[in-house]
There are 2 protein chains.
Amino acid sequence: MSTPHAILIALLEKPSSGYDLARRFDRAIAYFWQATHQQIYRELGRMVEAGWVAVVEEDAAATRKKVYRVLPVGREEVARWARETRLGVDDRNLLLLKLRADAVIGPLGLADQVRQMIVDARERLDTYRAIEQRDFGAPSLTRGQQLQYAILKAGIRTQESWLEWAEELPSLLGSGEQ
Amino acid sequence: MSTPHAILIALLEKPSSGYDLARRFDRAIAYFWQATHQQIYRELGRMVEAGWVAVVEEDAAATRKKVYRVLPVGREEVARWARETRLGVDDRNLLLLKLRADAVIGPLGLADQVRQMIVDARERLDTYRAIEQRDFGAPSLTRGQQLQYAILKAGIRTQESWLEWAEELPSLLGSGEQ
DNA sequence: GTGCCCATGTAAGTGGTTACATGATTCA
DNA sequence: TGAATCATGTAACCACTTACATGGGCAC
């Protein structure tokens, strides 16, 4: 949903052409975020309009390649976005994106958001465990029930392992706040 | 992406009105799949056209409520979809959906698909571990590097815990094949 | 009779996907 | 010189989102 911000962050890490961005999104970044070259070119166009990014003019004449860099306004927009948009329990990739932003432009005070996500995730985990107790306590289960239990266990494991990971974050994120 | 199939499976589990479906998608199902009431009504309309579902006429006269049930053609479409569509490494929720289908209409022979996903997930995990070795072996890391490492670790943990879960599946899914 | 939930829809906007299109550079 | 890759775009379609809209049933 935040394609433009994903692109801004990628450009903050390294100014690139649309083509290079597309390749980067196909590799490292793509493991948790994807964008096709059509989206990238469209967003780059819009962000130039908005004054968030600009084409580096140096070698623009030499080749057709257009290298984009982030302008101060764009940088500020990333910070604003990271601070202000709320994250739901399922917005884990958005959190990863925000962490990238924090890594590249410095402490943004994300600790509170992470703590809230942890609270929400614990709540959901409790819900899952309650369902587990209620529906799958029986000694023997039919094939269908075993499968439904497996589906529930997928949810439980996901929450548990995410929580384990997330609980180490707040200290990493530092003091936060201002 | 497979909203119609998600709805079909929900209807196989229990014939419902559009309104009820929306509420069910807001609760249990929603933990890994979501659809708004607008999508649901649209898809129900299309699926009636296609002959996949029909309105149960019994109490249709009594209230405004329209209860839908899945017709044999729709059931067959679910089976076809579960068997034939390929799943990528990241299509975990789609796999859960297929497991629900398998739970409700019986063995569909999904074991091979799961085994392939496991192979792909192991491959990706290896990639992550290679990046870990290469980029984060240093004794001391800057704040930014620690954050990037945390992002990578999120990916590693996710793969590991998913694999642990998935490896128990093939035996549950039974003989498979025909 | 007022407010809330049930119940079903339409309409507009936006973003993502797929297909199409073009031309430059590079290497065999 | 032909093929592959680099590099940037346009166009059409489709799905999802958000907002709007309507009316019945029920409880206080």
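This report walks through a predicted model of two protein chains and two DNA strands, from domains and chain contacts to a few single residues.

Residues are numbered from 1 along each chain as its sequence is written, while chains are lettered from A and ligands numbered from 1 in the order in which they are written. Since the model is predicted, local features need pLDDT of at least 70 and side-chain atom pairs count only at pLDDT 80 or more, whereas totals for chains, interfaces and linings use all residues.

**Domains and the chain A–chain B contact**

Let's start with chain A. Its domain assignment gives domain 1 (3-105) and domain 2 (111-173); such bounds come from an automatic or database domain assignment. Taken over C-alpha atoms, the centres of these two domains of chain A are 33 Å apart. Where they touch, five residues of domain 1 of chain A are in contact with seven residues of domain 2 of chain A (contact means that the C-beta atoms of two residues, placed from the backbone, lie within 7 Å). The domain 1 side of that contact has three nonpolar, no polar and two charged residues. For these classes, Ala, Val, Leu, Ile, Met, Phe, Trp, Tyr, Cys and Pro count as nonpolar, Asp, Glu, Lys and Arg as charged, and the others, Gly among them, as polar.

How many residues of chain A are in contact with chain B? There are 23 of them, in contact with 23 residues of chain B. On the chain A side, helix 5 (92-105), helix 7 (143-166) and helix 8 (169-173) each give two or more residues. Helix 7 of chain A gives the most, with 13 residues. By class, this side of chain A has 13 nonpolar, six polar and four charged residues. Helices here are DSSP runs of H or I with at least four residues, strands are E runs of at least two, and both are numbered from the N terminus.

**Helix 3 of chain A**

Helix 3 (residues 37-50) of chain A has 14 residues, which at 1.5 Å a residue should span 20 Å, and its end C-alpha atoms are indeed 20 Å apart. The expected span is 1.5 Å times one less than the number of residues. Which residues of this helix are buried? They are A:I40, A:E43, A:L44 and A:M47. Buried means that 20 or more other C-beta atoms lie within 10 Å of a residue's own, exposed means 12 or fewer, and partly exposed is in between, with C-beta atoms placed from the backbone.

Seen down the axis of helix 3 of chain A, the buried residues fall within an arc of 105°, so they line one face of the helix; the arc is that of the directions from the helix axis to the C-beta atoms. An α-helix has 3.6 residues a turn, so residues three or four places apart point the same way. On the other side of helix 3 of chain A, A:Q38, A:G45, A:R46 and A:E49 are exposed. The cover over the buried residues includes helix 1 (3-13), helix 2 (18-26), strand 2 (53-56), strand 3 (67-70) and helix 4 (72-84) of chain A. Just after helix 3 of chain A, A:G51 takes a positive phi of about 80°.

**Around the DNA**

Here a residue is near a strand if its C-beta atom, placed from the backbone, lies within 6 Å of it.

| DNA strand | Residues around it | Closest residues |
|---|---|---|
| Strand C | 15 residues | A:Q38, B:S17, B:G18, B:Y19 and B:K66 |
| Strand D | 14 residues | A:S17, A:G18, A:Y19, A:K66 and B:Q38 |

Helix 3 of chain B gives the most to the surface near DNA strand C, with three residues. For DNA strand D, the largest share is three residues from helix 3 of chain A. The surface near DNA strand C divides into three nonpolar, eight polar and four charged residues, and that near DNA strand D into three nonpolar, eight polar and three charged.

**A look at chain B, and two loop residues**

Helix 1 (residues 3-13) of chain B is mostly covered, with eight of its 11 residues buried. In helix 6 of chain B, the buried residues are B:Q113, B:V114, B:M117 and B:A121, and they pack against helix 5 (92-105), helix 7 (143-166) and helix 8 (169-173) of chain B.

B:L110 sits in the loop between helix 5 and helix 6 of chain B. Is B:L110 buried or exposed? It counts as buried, because it has 24 C-beta neighbours inside 10 Å. The C-alpha atoms of B:L110 and B:R83 are 6.8 Å apart, although 27 residues separate them along the chain.

In chain A, A:D90 lies in the loop between helix 4 and helix 5. A:D90 is partly exposed, because 15 other C-beta atoms lie within 10 Å.
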